[in-house]
Amino acid sequence: MAKIFGFTLTESEDFFSGAPIYQNPKDTSLFLSLGRRVDVYYPLRKRSRATESFVPSGEILKKKKTSIEILPDECLFEVFRRLPDRETRSLCACVSKRWLMLLSSISGNEFYSASENLRPENVVAVNETDNKVENDGHLSRNLEGEKASDIRLAAIAVGTASCGGLGKLSIRGGIHGSKVSNIGLKAVARGCPSLKAISLWNLSSIGDEGLIEIAKGCQFLEKLDLCQCPGISNKALLELAKNCPNLTDITIESCANIGNEGLQALGQYCSNLKSISIRDCPLIGDQGLASLFFSTADTLSKVKLQGLNVTDMSLAVIGHYGRAVTDLMLTGLTNVTEKGFWVMGNGHGLQKLKSFTLASCHGVTDVGLQSIAKGCPNLKKFCLRKCSFLSDKGMVSFTQAALSIENLQLEECHRITQLGLFGTILNCGAKLKALSLVNCLGIKDLSLNLPSTTPCKSLQSLSICNCPGFGNVSLTLLSKLCPQLQHVNLSGLSGISDSGLLPLLKNCEAGLVNVNLSGCVNLTDKVISSLTKLHGWTLEVLNVDGCSKVTDSSLVAISENCPLLNDLDVSKCGITDFGVAALAQANQFNLQILSVFGCSALTDKSLFTLMKLGDSLLGLNLRNCNLISTRSIELLLAQLLRCDILY
């Protein structure tokens, strides 16, 4: 026997000693149990030739693969497609990556297609249940950086099917690229038919092939976001437009191979399109935008165009066919001239426009702005950024013509001066509620003889930030024009002091609710004390970050007069433990957010007094408070369980 099988035995050893192999030969568990009506077919097979050395029975499982593992993919595919439900498929996907990828390659309509041994009524019932789960799609998944890979997408495709279906998917590549390819997108397409929103960012390894599979397998798709995907072209966008009629929201950014043909397809097939955002796509021009607006004139309501090679023709099309547009943003359209904005305003198609943002467009001038005001009668919010050719005259003319304007924002418009600011307030009408000037370097602190006129009683929010020329003279003039202010932001105005701010505080009749004085380095305890006495009964938010002349006296005044205050920022102020103790001992105090960042005089004593605010305090910033020990902070963390502490 040893000669036949190629191994040697000693004289005392033998292959079979003659004793029973099993201790109890009648034990039925040793036999293969076959149910009724089961036929076992053993095909004739040539006996394998023994080529390996003999392995003792106890080590077989260690060195030999199980029979299921040596099956080819074709056989496993047939086995997997007969699995009865999604829970079972999810369990099988946990066995190995091979099984996971095989299961993710099976589409929903391929399951049970060849199941002859299952009763038809059971198959129908299972499929109906699966479809009900699929169509829900309430789950969302987000993959970023190294976590984004084909394996994870396959796991998501198989796993989410058994617990509600995937509705939203976001994939963002990292700095060093991404492991996501068309294979991963195909797995999502096969396993997630309920997908309604997909976002693909910074994925250079995906192409049209994967997105076309998404278009065919996820026909309930409503929202598409593509950013920095150079492998995506018009071909994929065409398939998406044809197969996903429910698309309503599309964002395309920095996709170098998407051009006019893609936009034409969206306009032709996506009859429900409501929002479009396009940025930095060099192949998109006037022709594509014209086709899109012509086809979606009755549905498209939100439009964002940034950094495109378009001309005045596109603005003329928007002005004529933008009948349903309510929100419009135009940024960095360097080839558009004054004529384009004039034609857009005179097209009389933007009757429903309510919000309009213009940024870094050199064609924005006084003439174009006046045309926009006349052509958009329902415009309520207007934001102008980096419009270097806009002057005081154009600003005043706009406010006189825009009768519905409620919110006006100017940022880095350096030709706007003090005359433009006060002229806007005096001519804005009775609807302006919010006015904001940010980093407008043309404003100088000059004494002006303003005409006697009715104050702007509708203005409730005023923001003048980082305008170095704005000082006490301008602030005093402003206090006479705005008696109903509730929200004031004067951050970064180093030129104002107590004498300029006090008149404004005294003339505000409605009661201030939100006050931001961060960076106003010349303000002292005197003006903070006046603020709390005049408006403490309404004040909810106060920010004096960087006001180094504000000390404990201000905190005492706040604790005595501001029962509604819930957000206080005294970062880099001259406060000590005494001031913090005054806050903690205040009656009917509802402080939720407190920042003492950079208050170098605070010690461990402050932390023990802050524990008294534990019932209300939700956020505390202790960074750069160098005299506070780590041990005290640990005790505070244990005491204030609801509070998020930064240290």
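How much space lies in the second largest cavity? In this predicted model, about 40 Å³ of space lies there, and the sections below take up that cavity together with the confidence of the prediction, the largest pocket, the salt bridges, one helix and two backbone positions.

## Confidence of the model

The protein averages a pLDDT of 84, and 85% of its residues score at least 70. Over residues 1–22, however, the pLDDT stays under 50, and for this stretch the model has seven contacts beyond four places in sequence. The pLDDT is likewise below 50 over residues 113–135, a stretch that has 23 contacts in the model beyond near neighbours in sequence.

## Enclosed space

When the whole structure is searched, two cavities of 30 Å³ or more are found. The second largest cavity, with about 40 Å³ of space, is lined by V488, L490, L501, L504, L505, L512, V515, L517 and L531. Sorted by class, this lining holds nine nonpolar residues, with no polar and no charged ones. Helix α19, which covers residues 498–507, gives the most to the lining of the second largest cavity, namely three residues.

## The largest pocket

The largest pocket holds about 350 Å³ of space. Its lining is made up of 23 residues, and the closest of these to the pocket centre are S277, V303, K304, Q306 and M329. By class, seven of the residues lining the largest pocket are nonpolar, seven are polar and nine are charged.

Which strands each supply at least two residues of the lining of the largest pocket? They are β5 (249–253), β6 (275–279), β7 (302–306), β8 (327–331), β9 (355–359) and β10 (381–385).

## Salt bridges

Side chains of opposite charge can pair when their charged atoms come close. A search of the whole structure finds eight salt bridges, among them the one in which the side chains of R279 and E253 meet, with an N to O distance of 4.0 Å. Because R279 lies in strand β6 and E253 in strand β5, this pair ties together parts that are 26 residues apart in sequence. R279 also takes part in a salt bridge with D280, where the closest N and O atoms are 3.5 Å apart. E253, R279 and D280 are thus linked in a network of salt bridges. Within this network, R279 is partly exposed, with a relative accessible area of 35%, and D280 is also partly exposed, with a relative accessible area of 36%.

Another of the salt bridges joins E634 to R631, the closest N and O atoms being 3.9 Å apart. Why are E634 and R631 separated by about one helical turn? The two are three residues apart in helix α24, which spans residues 630–639, and therefore about one helical turn lies between them. E634 counts as partly exposed, at 43% relative accessibility, whereas R631, at 55% relative accessibility, counts as exposed.

## Packing around helix α21

Helix α21 runs over residues 552–561, and its buried residues are D552, S554, L555, A557, I558 and S559. Against which elements do the buried residues of α21 pack? They pack against two helices, α20 (525–535) and α22 (577–584), and against two strands, β16 (541–543) and β17 (567–569).

## Positive phi at H348 and E412

H348 is a residue other than glycine with a positive phi, a value near 55 degrees. H348 is placed in the loop between α14 (338–346) and β9. Is H348 buried or exposed? With a relative accessibility of 53%, H348 counts as exposed, since the cut-off for that class is over 50%.

E412, again a residue other than glycine, has a positive phi that is near 55 degrees. Its place is in the loop between β11 (407–411) and α17 (418–427). At 24% relative accessibility, E412 counts as partly exposed, because residues are called buried under 20% and exposed over 50%.

Notes:
Residues numbered from 1 in each chain as written. Predicted model: local features only at pLDDT ≥ 70, side-chain atom pairs only at ≥ 80, totals over all residues. Heavy atoms only, no water. 1 Å grid on protein atoms, 1.4 Å probe; cavity = no way out; pocket = protein on both sides within 12 Å on 5 of 7 lines; lining within 4 Å. Points joined across faces, edges and corners; volume = space filled by probe spheres on them. Helix = DSSP H or I, 4+ residues; strand = E, 2+ residues; numbered from the N terminus. Nonpolar A, V, L, I, M, F, W, Y, C, P; charged D, E, K, R; others polar. Buried < 20%, exposed > 50% of the residue type's maximum accessible area, 1.4 Å probe, protein only. Contact = heavy atoms within 4.5 Å. pLDDT = per-residue confidence, 0-100.
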